[in-house]
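Here's a quick walk through a protein model, with an eye on its charged pairs, its cysteines and its greasy surface.

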Amino acid sequence: MSQSSSHVLTRWEPESPSFWQQDGKAVARRNLWLSIPALTLAFIIWQVWSVAVLNMPNIGFSYTQNQLFWLAALPALSGATLRIFYSFMVPIFGGRRWTAISTASLLIPAIGIGFAVQDPNTSYVTMLILALLCGFGGGNFSSSMSNISFFYPKAEKGTALGLNAGLGNLGVSVVQFVVPIVITMGLFGSFGGEPQTWIKGEATKQMWLQNAGFVWVPFIVLSTLAAWFGMNDIASAKASFADQAVIFKRKHNWLMCWLYIGTFGSFIGFAAGFPLLMKGQFPDVDPSKYVFFGPLVGALARPVGGWLSDKMGGAKVTQVVFALMIAAVFGVLNFLPHGGQGGNFQGFFAMFLCLFALTGIGNGSTFMQVPAIFLTLHQRMAGKGDAAQKKAVADATKEAAAVLGFSGAIGAYGGFFIPKSYGTSIALTGGVDAALYAFIAFYVSCLLINGWYYARKNAEVPC
């Protein structure tokens, strides 16, 4: 395998069986396993506010519930917007360079949060800015998925992308599990700042909320160095923004964006809003003991979705996912308290675990669909002969990588709209039922779109 430098691959042909077995597989796996921890840290920083906000009122921050929902939701808004730009960065800068740069950028919000939460007089505007900066973590997903898609052949893209995204998504569960533990101890001694006094009724205790940000700093530094020295750039993956912008003319780009809002958008939105939703609907339950299970289940299910799609077809898996998600939301509605009366926490929690698992499987299946769709379309448009078909594969790979990133960007807006829809529904109707019925209507639209274009017999692009 020829390399013009120690990190740039000048020949990369994963669809060639001999190349893949002799050289490609080992290099692809190395890049994948260095990409995963970087993406995990990105998700951690992206979602750190979803946990930090739970403790802020108890250490002296006088924010309303709506203000807290804004802090939990804004990282998703900025992250989704940054994903639009990050989608196109890998072919411009190279996967190794961009992974290292984007991972290093996580230090800004991690350190900023660590200092800001130590003073209850820190302005709310400062907190909003830090919440927006956590969007750096959200943006990383699109560039990471785009990068990994270049390394693998079509037959293994679903599994590889599922592993990258699924294990990366574990960051949501990790942050919701680790932060409640690390904020109870002075990990960094005098370097980490003084503890705050946590007060609830007559109960008091010491807390180091700054550890929610500081604890990730050494890991971010290590991952940045690992990416810079251990990953590769692919010379043939170079493309300008203008080359990639053709996806905006592709109908299937927009259709897959819609479906991805339903899968990943639901995952990240449920994860961001789950702690505050649980606390509001079941005030006697401690959210920190339960919320990390949902993202954990969803993240672990994602590689399963990719694997199932490689075996059965992505569209079929996606179709089943949306049908079951509709049923699961009806289940959540059945177990919610109404007017402060009734409700069943065990049933509510079980239904949300089902939803998280389904979003994970759907994440994997929809991301398997994208490369398959664009390869089919380009092969149909290409002329006869090996040269034409080889160019079709190369063009399809570049477009699919851009679509993977861009659909991830659009899907991430779910992380903003789902938490805000809870707050808006409560403000307008006194409960979250209206928001959940809106989710059901949206999932029905996803079911119809996926069924018509991809899953039915004689579909336009079966995949």
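## A nonpolar patch

Helices and strands here are DSSP runs, numbered from the N terminus. Keep in mind that this is a predicted model. With that numbering, Met 185 sits in the loop between α8 (154-182) and β2 (196-200). Met 185 is partly exposed, at 34% relative accessible area.

Met 185 also helps make a nonpolar surface patch of about 590 Å², together with Phe 177, Ile 181, Leu 187, Phe 188 and Phe 191.

## Salt bridges

The count comes to six salt bridges. One of them pairs Asp 233 with Arg 97, with the closest N and O atoms 3.3 Å apart. Asp 233 is in strand β4 and Arg 97 is in helix α4, so this pair ties together parts that are 136 residues apart in sequence. Asp 233 is buried at 2% relative accessibility, while Arg 97 is partly exposed at 32%. Arg 96 joins these two in a network of salt bridges.

Lys 251 and Glu 460 make another salt bridge, at 2.9 Å from N to O. Lys 251 lies in helix α12 and Glu 460 in the segment after α18, so here the linked parts are 209 residues apart in sequence. Asp 395 and Lys 391 also pair up, at 2.7 Å, but both lie in helix α16, four residues apart, about one turn of the helix.

## Cysteines

How many disulfides does the structure hold? Zero. The sulfur of Cys 257 is 12 Å from the closest cysteine sulfur, in Cys 446, which is too far for a bond. For Cys 463 the closest cysteine sulfur is also in Cys 446, at 14 Å, again too far. Cys 257 is buried at 2% relative accessibility, and Cys 463 is buried at 17%.

Definitions and conventions. Residues numbered from 1 in each chain as written. Predicted model: local features only at pLDDT ≥ 70, side-chain atom pairs only at ≥ 80, totals over all residues. Heavy atoms only, no water. Disulfide = S-S within 2.5 Å. Buried < 20%, exposed > 50% of the residue type's maximum accessible area, 1.4 Å probe, protein only. Patch = residues over 30% accessible without salt bridge, like charges linked within 9 Å, V, L, I, M, F, W, Y side chains within 5 Å. Areas by Shrake-Rupley, 256 points an atom, 1.4 Å probe, with all protein chains shown as cover. Salt bridge = Lys/Arg side-chain N within 4 Å of Asp/Glu carboxyl O. Helix = DSSP H or I, 4+ residues; strand = E, 2+ residues; numbered from the N terminus.
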